[in-house]
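Subject: Structure for your review

Dear colleague,

I am handing over the structure below, and I would be grateful if you could look through it alongside my notes.

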Amino acid sequence: MTPAGQVIENPLSGERITIRRPAASGDGALEWELELAPGGRVPSAHAHPEQEECFTVLSGQLRLRVGRRRVLAGPGDTVVVPPGTVHSFANPGPGAVRVAVRSSPALSMTDLLTTAAAMARQQHAAARPLPRLTDLVLFLDDFRREVAAPYLPAAVRAVIGPLARLARRRGLDAPYTRLRGAGPDR
């Protein structure tokens with residue numbers, strides 16, 4: 001189980017995530033605090049097929065797109081994103097924004113957050129504009145219950161699973177497996 005207080009930093013998105021309440025304590029939800037640097041943003045519009053995500057702004061402003069709706073949320077505002085709803089968020093302000101986030105059910109969301117941050121650190125260190133394609137395929141396959149990339153063409157989404165199985169059979173998953181096991185401080 002992930003301990004409360006664990007910090008996950010993503011150098012590409014400007015996200016600093018602190019786990020506030022791990023999923024195993026209580027109702028199966030994961031509670032975390034997001035601090036987003038000025039100009040920081042989630043890397044891509046996405047959906048959580050089985051999870052509701054609830055954002056409550058603690059300080060600063062958070063710009064969200066939830067489905068077709070655009071929201072500028074300030075301190076005290078709460079925005080709920082139902083399961084399967086395409087959304088994205090960014091910090092449009094001059095200072096950091098702090099947001100309490102609740103992901104319910106938690107599923108493997110903490111693993112997703114730590115793996116995404118490890119991939120971002122590797123991508124940043126290698127000065128690559130995009131993650132390794134094999135890593136991305138394996139990530140989307142591993143976390144298919146937690147995240148979906150709705151703007152990928154249907155034909156591409158359909159081959160994610162078979163490509164991930166092929167990569168694993170051929171031993172091409174070793175770099176990703178090391179990232180998946182890398183905690184926030186490794």
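What follows is an account of the salt bridges, two sets of strands and the largest pocket.

Please keep in mind throughout that this is a predicted model.

Salt bridges

The count of salt bridges comes to twelve. Side chains of opposite charge can pair when their charged atoms come close. One of the pairs links arginine 16 with glutamate 9, where the closest N and O atoms are 3.6 Å apart. Since the partly exposed range runs from 20% to 50% relative accessible area, arginine 16 falls within it at 36%, and glutamate 9 is likewise partly exposed, at 43%.

A second pair brings arginine 144 to aspartate 141, with 3.2 Å between the closest N and O atoms. Here the two partners sit in opposite classes of accessibility, for arginine 144 counts as exposed at 52%, whereas aspartate 141 is buried, with a relative accessible area of 12%.

A third salt bridge, with an N to O distance of 2.9 Å, is formed by the side chains of aspartate 142 and arginine 180. Aspartate 142 belongs to helix α2 (residues 133–142) and arginine 180 to helix α4 (residues 174–180), so this pair ties together parts of the chain that are 38 residues apart in sequence. Both partners are partly exposed, aspartate 142 with a relative accessible area of 24% and arginine 180 with one of 31%. Through shared partners, salt bridges join Asp111, Asp141, Asp142, Arg144, Arg168 and Arg180 into one network, which is the part of the charge pairing that I would ask you to view as a group.

Strands

Strands β1 and β2 run antiparallel and are joined by four bridges, with asparagine 10 standing opposite glutamate 15 in β2. The hairpin that these two strands make has four residues between them, and within this hairpin glycine 14 takes a positive phi near 80 degrees. In a regular strand the side chains alternate between the two faces of the sheet. For β1 one face, made of Ile8 and Asn10, is covered, while the other, with Val7 and Glu9, is uncovered.

There is also an open sheet of three strands, in the order β6-β5-β8 and with antiparallel pairing. Its edge strands are β6 (69–73) and β8 (87–90), each of which pairs on one side only, and the twist from one strand to the next averages 15 degrees. Strand β5 (residues 62–66) pairs with β6 over five bridges in the antiparallel sense, and leucine 62 stands opposite alanine 73 in β6.

The largest pocket

The largest pocket holds about 910 Å³ of space. Its lining is made up of 39 residues, and Pro43, Ser44, Ala116, Leu136 and Phe139 are those that lie nearest its centre. Two or more lining residues come from each of β1 (7–10), β2 (15–21), α1 (109–125), α2 and α3 (154–169), and among these elements α1 gives the most, with eight residues. Sorted by class, the lining has 31 nonpolar residues, five polar ones and three charged ones.

With β1 and β2 giving residues to this lining, you may wish to view the pocket together with the hairpin described above.

With kind regards

Technical notes. Residues numbered from 1 in each chain as written. Predicted model: local features only at pLDDT ≥ 70, side-chain atom pairs only at ≥ 80, totals over all residues. Heavy atoms only, no water. Salt bridge = Lys/Arg side-chain N within 4 Å of Asp/Glu carboxyl O. Buried < 20%, exposed > 50% of the residue type's maximum accessible area, 1.4 Å probe, protein only. Pairing = 2+ DSSP bridges. Axes fitted to C-alpha atoms, helices over the stretch in contact; angles between N-to-C directions. 1 Å grid on protein atoms, 1.4 Å probe; cavity = no way out; pocket = protein on both sides within 12 Å on 5 of 7 lines; lining within 4 Å. Points joined across faces, edges and corners; volume = space filled by probe spheres on them. Nonpolar A, V, L, I, M, F, W, Y, C, P; charged D, E, K, R; others polar.
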